[in-house]
Amino acid sequence: MTRPDTMTAISISAPGGPDVLIPSTQPVPAPGPGDVLIRVAAAGVNGPDLAQRRGHYAPPPDASPLPGLEVAGEIIAMGKAVTGFALGDAVMALTNGGGYAEYVAVPAGQVLPVPEGWSMIQAAALPETWFTVTQTLVMRAGLAPAMTVLVHGGAGGIGGAAIQICSIIGARAIAVVSDEDKANYCDALGAVASIDRTRENIADRVMALTDGHGADRVLDLIGGALTAVNIAASARGGHIVQVSTLEGANATVPLRAMMAKDLTLSGSTLRPQSAATKAAIADRIRTDFLPALSAPGWIKPQIATYPLASAAQAHAEMESRRHRGKLILVTTFGAGEKAS
Ligand SMILES: NC(=O)c1ccc[n+]([C@@H]2O[C@H](COP(=O)([O-])OP(=O)(O)OC[C@H]3O[C@@H](n4cnc5c(N)ncnc54)[C@H](OP(=O)(O)O)[C@@H]3O)[C@@H](O)[C@H]2O)c1
């Protein structure tokens, strides 16, 4: 198809609540020499989109100001330097922004094929969280078979990706949740056990579940007072990966316990990483995880869909914390795709 001049996209009219997300008419982006132009079928909603909407997570200077960090769809145009893709390919991609739209241009290094057996709506649930967990827990913290991993927010997008990546690698994920439904969901994704943070002592339970060894890796998105809990729950030589601070950007860190256990605490945000780093993460997902994702019977994340124009409703739902898995915005083009 030929590239249209304009499209519908979701703009952030001002920093604020979900209602500031407004459908607007925007120019269709022109792909640069190394980009593909994707006709978007579906776009995933992620925690960082909420932070951007509130005015707390500004896009990098060269990125689209429109929200949306992951999409799936069809390639309709390509820059001259792009190899390895063809027009009409069904792909999923980590965008640099602008995913809440009917079209988005993405560096080809951040684009992957839709796994076999996945619809475009289902595939739109993967890139942002799988890139984040691959970069932090796998590439930086060296996740390896037989490790025990404590996964906070297990029923959310990041948590679900971490549980599934653990099961592919042969590590044992212990999920932290806030109710039984979420615990059951994490078990279905492959967690070996769940801890209900509303009524159980997290560190004590981790020690009991691991015969006193502790968690070799911790994926945390809560921060604040939980940092000391993570240290108490860690095994000697452990590594705590911080990807968000939902309950506190500052923490009191028991340094002696960190030293005694020989621990590492690292933090990272995906969005400002270089194109080369994002391409390296994509390569790792392609080689290490895509075959498992394409296997028959693979459990896909639970998905709730919203029309693109109802992005505000999807953000309100995510803020309510009722959801399990992922919230996905669907364009007119993606409307016929299956969601479960
Ligand atoms: N560093 C990076 O590169 C990177 C990349 C992607 C996302 N993130 C961040 O990771 C966080 C999670 O993203 P997501 O897409 O997985 O979100 P999500 O789907 O909403 O999941 C968050 C999970 O954390 C739990 N949670 C516990 N305390 C919470 C609190 N105070 N506020 C909100 N949730 C809380 C929630 O379940 P319960 O309340 O039931 O426990 C929920 O299941 C976000 O802050 C996001 O910005 C960071």
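User: What counts as a salt bridge here, and how many does the rule find across the interface of domain 1 and domain 2?

Analyst: A salt bridge is a side-chain nitrogen of Lys or Arg within 4 Å of a carboxyl oxygen of Asp or Glu. In this predicted model, the rule finds 1 salt bridge across the interface of domain 1 and domain 2. Arg324 forms a salt bridge with Asp181, and their closest N and O atoms are 3.8 Å apart.

User: Which residue classes make up the side of domain 1 that touches domain 2?

Analyst: That side of domain 1 has 5 nonpolar, 4 polar and 5 charged residues. As for polar contacts, the rule finds 4 residue pairs across the interface, with both residues at pLDDT 80 or more.

User: Where do the two domains lie along the chain, and how many residues are in contact?

Analyst: Domain 1 covers 6-125 + 297-330, and domain 2 covers 130-267. Their centres, taken over C-alpha atoms, are separated by 28 Å. In domain 1, 14 residues are in contact with 15 residues of domain 2.

User: How is the size of an interface given, and what is the value here?

Analyst: The size of an interface is often given as the accessible area lost when the parts come together. Domain 1 and domain 2 bury about 1100 Å² between them, with 58% of that on carbon and sulfur atoms. Of the area that domain 1 buries against domain 2, 44% is supplied by Trp298, Arg321 and Arg324, more than by any other three residues.

User: Which residues come nearest to the ligand?

Analyst: There are 24 residues around the ligand, and Ser178, Lys182, Ser244, Ser268 and Leu270 come nearest.

User: What polar atoms of the ligand do Lys182, Glu247 and His323 approach?

Analyst: An oxygen atom of the ligand lies 2.7 Å from a polar side-chain atom of Lys182. For His323, a polar side-chain atom is 2.8 Å from an oxygen atom of the ligand. The side chain of Glu247 has an N or O atom 2.8 Å from a nitrogen atom of the ligand. Taken alone, the ligand exposes 900 Å², of which the protein buries 91%.

How values were computed
Residues are numbered from 1 along each chain as its sequence is written. This is a predicted model: local features need pLDDT of at least 70, side-chain atom pairs count only at pLDDT 80 or more; totals for chains, interfaces and linings use all residues. Side-chain values use heavy atoms; hydrogens and water are left out. Domain bounds come from an automatic or database domain assignment. Contact means heavy atoms within 4.5 Å. Buried area is the accessible area (1.4 Å probe) that two parts lose on being put together, summed over both. A polar contact is a pair of N or O atoms within 3.5 Å; within protein, one must be able to donate a hydrogen and the other to accept it, and residues adjacent in sequence count only if both atoms are side-chain atoms. Ala, Val, Leu, Ile, Met, Phe, Trp, Tyr, Cys and Pro count as nonpolar, Asp, Glu, Lys and Arg as charged, and the others, Gly among them, as polar. A residue is near a molecule or strand if one of its heavy atoms lies within 4 Å of it. Accessible areas come from the Shrake-Rupley method with a 1.4 Å probe; for residues, only the protein chains shown count as cover.
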